[in-house]
Amino acid sequence: MSDGDYDYLIKFLALGDSGVGKTSLLYQYTDGKFNSKFITTVGIDFREKRVVYRANGPDGISGRGQRIHLQLWDTAGQERFRSLTTAFFRDAMGFLLLFDLTNEQSFLNVRNWLSQLQTHAYCENPDIVLCGNKSDLEDQRTVKEEEAKELAEKYGIPYFETSAANGANVSKAVETLLDLIMKRMERNLGKDKYQQNFIRASALH
Amino acid sequence: MGDKPIWEQIGSSFVQHYYQLFDTDRTHLGAIYIDASCLTWEGQQFQGKAAIVEKLSSLPFQKIQHSITAQDHQPTPDSCILSMVVGQLKADDDQVLGFHQTFLLKNFQGAWVCTNEIFRLALHNV
């Protein structure tokens, strides 16, 4: 699993209040078929999965697939004992921010998590996907879909109602985040090329 | 038990009592602190019985279980007892995490109280 046979290694972090289902959601995504490592000494749980990403070019034809090695990191509940430090967010390129549709407080805390992300993540506007989890418990729901959508729109992030129990929208949420990351990398690559050309051009003068 | 040094006996009784209270109803931990007691919890400082109990009671989990892996106790020159505990804990349905906890115990008006306490999870991703 950890051989170097991939194009990109991408690290995602699952965040949100304790008990919203971060571990279960990641488990559902990797389906338990893949390596599930629990490193007791570092207090981080991470799972891995290989995916192939195909970007749609401007002509709508997808190019060669990029082999992605996804690492999905979990907080292992340490946020109950202490606030997460900048080091914890280090190297994470994308964030799955979860709340529990049956727990109003976990939804109210989404704003705090977003501001923590702005402080600790590698940049001020990192790529985030918001997940209202436990959509299977419809009869216990306390957060309306419209409320959550409204919040997500305000922050300009995609929103999905997921269920780690039955798998609804789980892959879609992770794939949407991957898509955002890959688009960001393409944009940055483009910028670098532009800068390189600019530097080359100015060197000629 | 009989041939164990007195500080070992007091230290291990305290440790057993502390985690039993912590795991059943941590709001009742007040009895083991005095107003001069200090707690450092993951680098955050608290002083006084009230502040310490407030902090411990407000930790965000419903149930917790501690499992002690090892404990060591020493007498200090001023007749206190220094104790260190290494163990694992499980909060609600989370994964098991390692922790370290240190206590300084003092005989205060005929009873053993905790004057100093330091807690850290055994995490190395900082």
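This tour steps through chain A, then two nonpolar cores, in a predicted model.

Before you select anything, note that residues are numbered from 1 along each chain as written, while chains are lettered from A and ligands numbered from 1 in the order written. Local features need pLDDT of at least 70, side-chain atom pairs count only at pLDDT 80 or more, and totals for chains, interfaces and linings use all residues, with side-chain values on heavy atoms, hydrogens and water left out.

**Stop 1: chain A.** Colour it by secondary structure. You get six helices and seven strands; helices are DSSP runs of H or I of at least four residues, strands E runs of at least two, numbered from the N terminus. The order from the N terminus is β-α-β-β-β-α-β-α-α-β-α-β-α. Switch to a surface: about 10600 Å² is exposed (Shrake-Rupley, 1.4 Å probe). Carbon and sulfur atoms supply 50% of that area. Of the 205 residues, 45% count as buried, meaning under 20% relative accessible area (1.4 Å probe, protein chains only).

**Stop 2: the largest nonpolar core.** Such a core joins buried Ala, Val, Leu, Ile, Met, Phe, Trp, Tyr and Cys residues through side-chain atoms within 4.5 Å. This one has 33 residues. Select A:Phe81, B:Tyr18, B:Phe22, B:Tyr33, B:Trp41 and B:Leu56, which touch the most other members. Next, show H1 (6-25) of chain B. H1(B) gives the most, seven residues.

**Stop 3: B:Trp41.** Which residues surround it, beyond four places in sequence? Its contacts (heavy atoms within 4.5 Å) include A:Phe81, B:Phe22, B:Lys55, B:Gln101 and B:Phe119.

**Stop 4: a second core.** This separate set of 26 residues includes A:Phe46, A:Ala92, A:Leu101 and A:Leu114.

How values were computed
Buried < 20%, exposed > 50% of the residue type's maximum accessible area, 1.4 Å probe, protein only.
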